[in-house]
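Colleague: Please pick a single part of this model and take me through it closely, with the cut-offs as you go. I would rather have one part in detail than a tour of everything.

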Amino acid sequence: MRSRQGCNFSRLLLNSAFTGFIVFAAINNNFKNLPSGYIFLYNTLLILPAAVNNFWLLPGFRVHKSILRYMAATTALFLTSAALLGQYLKWLYNRFQATELTDFTSLAVTSSAPQILENYQHYFDAFPGIILVMSALSIGYVLQEYLLTIKKEESIKAQQINAELVLLKSQISPHFLFNVLNSLYALSLKMSAQTPDVILRLSDILRYSLYETQEKEISISKEIHILNTYIEIERLRLPASASIAFDYRQAEDSVMIAPMLLLPLVENAFKHGADSTIGASHIHAALYCSDSTLLFECENSFKEQAVSDFGGIGIENIRKRLQLLYPSRHSLDIDKNENTFSVTLEIKFREWRK
């Protein structure tokens with residue numbers, strides 16, 4: 001509604017500017033020093049049917065979609081305007097002993113009347129200008145409506161993308177919380193002295209999940225911090241034989257990234273690849289990023305018979321979010337064999353160059 005009102009206001013300004021230009025040109029070229037009021041009135045009457053068409057007939061046609069109704073209304077408007085303007089022009093010719101249309105308007109487009117109608121030449125002088133102005137302003141109306149439609153479609157698409165991203169985030173957070181609570185439950189069964197520390201770390205993760213995910217982008221250092229926090233929680237419940245490593249020494253703190261983008265990848269590695277039932281399991285993750293590129297690699301041990309649905313909601317959400325956030329500027333490669341599962345994510349913060 002607000003964009004439609006803005007469109008009508010801008011259309012009014014453009015039409016007013018067009019009218020002002022035509023009137024100014026006509027008065028400025030008044031070499032015979034004819035009264036400006038008569039010239040102003042003629043040019044106003046010349047543009048009036050185009051304004052009626054732009055502000056009433058075309059908007060009505062856009063709503064009702066009736067071509068016959070629009071054509072009938074336009075024809076009636078044109079004939080009425082041509083009759084009125086032609087009669088006024090006849091009076092001007094007689095009043096000022098003028099025979100040239102250029103004496104009254106800069107839109108001096110005329111047509112020759114048939115010999116049988118030569119006494120009505122003033123009407124044939126008037127209606128080409130009406131057609132010219134109506135056509136010009138109608139083209140402007142169509143272009144403006146086209147641009148408004150494109151803008152509206154882009155706005156709807158952006159709202160749909162934002163809504164989908166919100167939904168995907170809401171799916172990620174409960175899934176993530178479920179996994180962390182499982183780790184906390186395992187520690188509580190052991191009456192571990194580390195339980196309070198895990199609860200503190202969990203509150204840090206919850207704070208991140210509640211507040212940082214509301215931002216479109218966050219510093220990569222915040223994502224690294226939450227990855228480390230999650231890894232430390234999971235490390236507590238794993239056997240000493242598990243090998244856990246996370247290298248991020250080549251990560252620039254100035255890099256901005258969508259929140260909760262890397263965490264689901266590490267989640268899946270712990271959930272499916274570092275469980276104590278697999279034996280000497282390992283998770284090796286590395287993050288490298290600059291102002292133009294981010295590269296994240298995560299490899300973990302894997303046994304086909306131990307897992308039937310590797311990836312699950314986390315991987316699917318990552319795929320969808322990447323497509324929405326970094327279309328044509330990312331690659332997500334997954335490699336699975338009998339013993340290992342690896343994920344490689346690359347994001348180009350600028351346009352992808354092949």
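Modeller: With pleasure, and a word on exposure comes before anything else: a residue is buried under 20% relative accessible area, exposed over 50% and partly exposed in between, using a 1.4 Å probe and protein chains only. The model is predicted, so local features need pLDDT of at least 70 and side-chain atom pairs pLDDT 80 or more, while totals for chains, interfaces and linings use all residues. Residues are numbered from 1 along each chain as its sequence is written, and side-chain values use heavy atoms, leaving out hydrogens and water.

For setting, the protein chain has 8 helices and 7 strands (DSSP runs, H or I of at least four residues and E of at least two, numbered from the N terminus). Of its 354 residues, 42% are buried. My choice of part is the open sheet, where 5 strands follow one another in the order β2-β4-β5-β7-β6 with mixed pairing (two strands pair if DSSP finds at least two bridges between them). The edges are held by β2 (243–251) and β6 (330–336); each has a single partner strand, so one side of each lacks a neighbour in the sheet. From one strand to the next, the twist averages 5 degrees (angles run from 0 to 180 degrees between N-to-C directions, with axes fitted to C-alpha atoms, for helices over the stretch in contact).

Let us cross the sheet from the β2 edge. β2 and β4 run parallel and are joined by 7 bridges. Here Ser-243 stands opposite His-282 in β4. Strand β4 covers residues 282–289 and pairs with β5, residues 293–301, in the antiparallel sense, again over 7 bridges. Two positions help you find the register: His-284 faces Glu-299 of β5, and Ala-286 has Glu-297 of β5 as its bridge partner. The chain passes from β4 to β5 by a hairpin of 3 residues. As for cover, β4 is largely enclosed by the rest of the structure, because 6 of its 8 residues are buried.

Going on, β5 meets β7 in an antiparallel pairing with 9 bridges. Cys-298 has Val-343 of β7 as its bridge partner. Val-343 is also the bridge partner of Ile-334, in the antiparallel pairing of β6 with β7, which has 7 bridges. A hairpin of 3 residues takes the chain from β6 to β7.

Now for the helices that pack here. Helix α6 (residues 220–237) lies across β2, β4 and β5, and its direction is at about 170 degrees to β2. Helix α7 (residues 263–273) also packs on the sheet, where it touches β2, β4, β5 and β7 (340–348) and makes about 5 degrees with the direction of β5 (contact means heavy atoms within 4.5 Å). α7 is mostly covered, with 10 of its 11 residues buried. Among those buried residues are Leu-265, Val-266, Ala-269 and Phe-270, but also Glu-267, Asn-268 and His-272.

The aromatic rings round this off. The whole structure holds 14 aromatic pairs (Phe, Tyr and Trp, the last by its six-membered ring, with centres within 6.5 Å; planes under 30 degrees apart are stacked, over 60 edge-to-face, the rest tilted). For comparison, take Phe-96 and Phe-104: their ring centres are 6.5 Å apart and their planes lie at 50 degrees, so this pair is tilted. Phe-96 is buried at a relative accessible area of 17%, and Phe-104 is buried at 1%. Back at the sheet edge, the rings of Phe-246 and Tyr-248 have centres 5.0 Å apart and planes at 45 degrees, so that pair is tilted too. Phe-246 is buried because its relative accessible area is 16%, whereas Tyr-248 is partly exposed because its value is 33%.
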